[in-house]
Amino acid sequence: STGGHPAGLEPRPGHFPGRAKAMIQLFQNGGPSQMDLFDPKPELAKRHGQKHPDQVESFQPGSQTNELMGSPFKFRPYGNCGMEFSELLPQLGSLADDLCLVRSMFSENNNHPQGLRAINTGKIFPGRPTLGAWVSYALGTENQNLPAYVVLRDPEGYNSGGTMAWDNGWLPALYRGTEFQSKGAPVLDLHPAQPRPESIQRNNLELLAWFNEEHRRRYPGESELEARILHYELAARMQLAAERVLDLSGETAATREMYGLDNPVTGNYGTRCLMARRLVESGVRFVQVTAPSGMPWDNHGGLKDAIAKVAATTDGPAAALIHDLKSRGLLESTIVLWTGEFGRLPISQNGDGRDHNRHAFGLLLAGGGFKAGHVHGATDEFGYKAVEDRVSCPDLLATLLWQLGLDHDRLSHPHAGRDETLTDSAVSGARVVAQIVDGAAG
């Protein structure tokens with residue numbers, strides 16, 4: 001279905017049958033360290049404590065010594081493909097034959113807000129629509145009782161950048177990500193604070209609909225009003241649908257154990273990963289699951305303990321999600337993306353941390369027609385720069401859209417006198433990375 005669009009706001013997607021129809025983004029805010037997770041560097045370990053042969057671009061104070069710092073973690077190959085993971089990610093490693101590991105990502109900026117915008121919107125500038133907004137704009141929803149784009153953030157707080165990670169930018173406000181809660185009521189203010197007779201609620205809604213329609217008639221160009229009306233209508237339908245979809249009480253004991261719901265270390269993140277599966281299963285197009293609040297992968301100091309803590313929190317639930325989707329026959333039609341906004345440097349920061357690195361980072365893809373058991377690209381001998389089959393953030397976005405059946409050059413929306421696209425390939429040079437997808441990408 002490509003329904004779910006208000007009248008007068010139909011997109012021009014250049015849509016064709018794609019391998020995937022939905023996507024789950026597991027966003028790892030802070031910049032996960034590639035050489036400590038899935039890009040082993042024997043030369044880095046061998047030359048630990050020596051000066052880097054070149055002057056490395058650092059971001060914050062503490063890296064002036066330019067000394068190489070090997071990973072304190074052990075690596076080993078997993079699966080028939082032999083993909084290497086560190087001891088921090090054993091559960092994801094066990095799924096190596098289902099994963100596509102891109103080691104050669106790079107970004108345009110090594111500051112968190114700009115990096116987050118680059119991976120989500122294609123450019124470092126504020127005010128642009130995110131990938132999830134574009135996907136919901138182009139494809140609509142398969143379930144008219146749920147939003148097309150749902151965000152499951154940590155109930156303890158927001159990540160760095162807050163709501164800009166699911167902003168609609170200058171796309172109509174309808175396509176902004178909708179936050180669902182994983183603690184308490186799934187949707188805030190879904191029910192009246194005090195119960196009311198059904199007839200009163202119906203009369204109130206009918207009166208509100210009359211006022212809304214009158215306002216819409218007077219101000220036909222206001223997309224925010226249109227979105228608000230549609231959101232109220234959707235909220236009425238969600239009163240029946242959302243709580244049922246997000247009620248995990250009916251899940252089996254085996255499923256609860258797999259996602260780690262009863263483990264205080266994994267319970268929070270596991271709950272949201274399981275909710276993501278249920279939402280995709282119910283027809284939601286794009287689900288964004290954020291890492292624990294703040295910037296948990298931003299390990300400027302105390303890296304050994306800090307990265308082990310966040311990895312323990314996220315590894316099992318992320319692997320459970322992929323395994324669960326596959327066992328239910330949903331993985332082939334659902335893209336799972338595990339990524340941060342950039343990587344880390346191979347040199348030491350204050351002796352026990354790593355600074356930001358825009359020149360290289362890694363990410364994981366599963367399902368949706370991406371090559372399984374495949375490693376793409378490479379970094380230099382220390383993991384500082386992507387040097388082989390490099391992939392930019394716009395390249396990644398173009399490829400994700402392609403797998404969803406969308407042409408990144410044709411999916412557009414008029415803004416400020418031109419037809420804007422997610423990747424702006426005339427400027428960014430974005431192209432579909434055919435090497436990481438099954439079959440010809442065109």
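**View 1. Asp 167 sits partly exposed at 22% relative accessibility.** Here "partly exposed" means between 20% and 50% relative accessible area, with buried under 20% and exposed over 50% (1.4 Å probe, protein chains only). Its salt-bridge partner is Arg 176, with the closest N and O atoms 3.3 Å apart; a salt bridge is a side-chain nitrogen of Lys or Arg within 4 Å of a carboxyl oxygen of Asp or Glu. Arg 176 is partly exposed too, at 29%. This is a predicted model, so local features need pLDDT of at least 70 and side-chain atom pairs count only at pLDDT 80 or more, while totals for chains, interfaces and linings use all residues. Residues are numbered from 1 along each chain as its sequence is written, and side-chain values use heavy atoms, leaving out hydrogens and water.

**View 2. Asp 98 pairs up with Lys 326.** Their closest N and O atoms are 2.8 Å apart. Asp 98 lies in the loop between α3 and β4 and Lys 326 in helix α10, so the pair ties together parts 228 residues apart in sequence. Helices (H or I, at least four residues) and strands (E, at least two) are DSSP runs, numbered from the N terminus. Asp 98 is buried at 17%, whereas Lys 326 is partly exposed at 46%.

**View 3. Helix α4 is tucked in.** Eight of its 10 residues (112-121) are buried, so α4 is largely enclosed by the rest of the structure. Among the buried ones are His 112, Arg 117 and Asn 120. Next comes Gly 122, with a positive phi near 95°.
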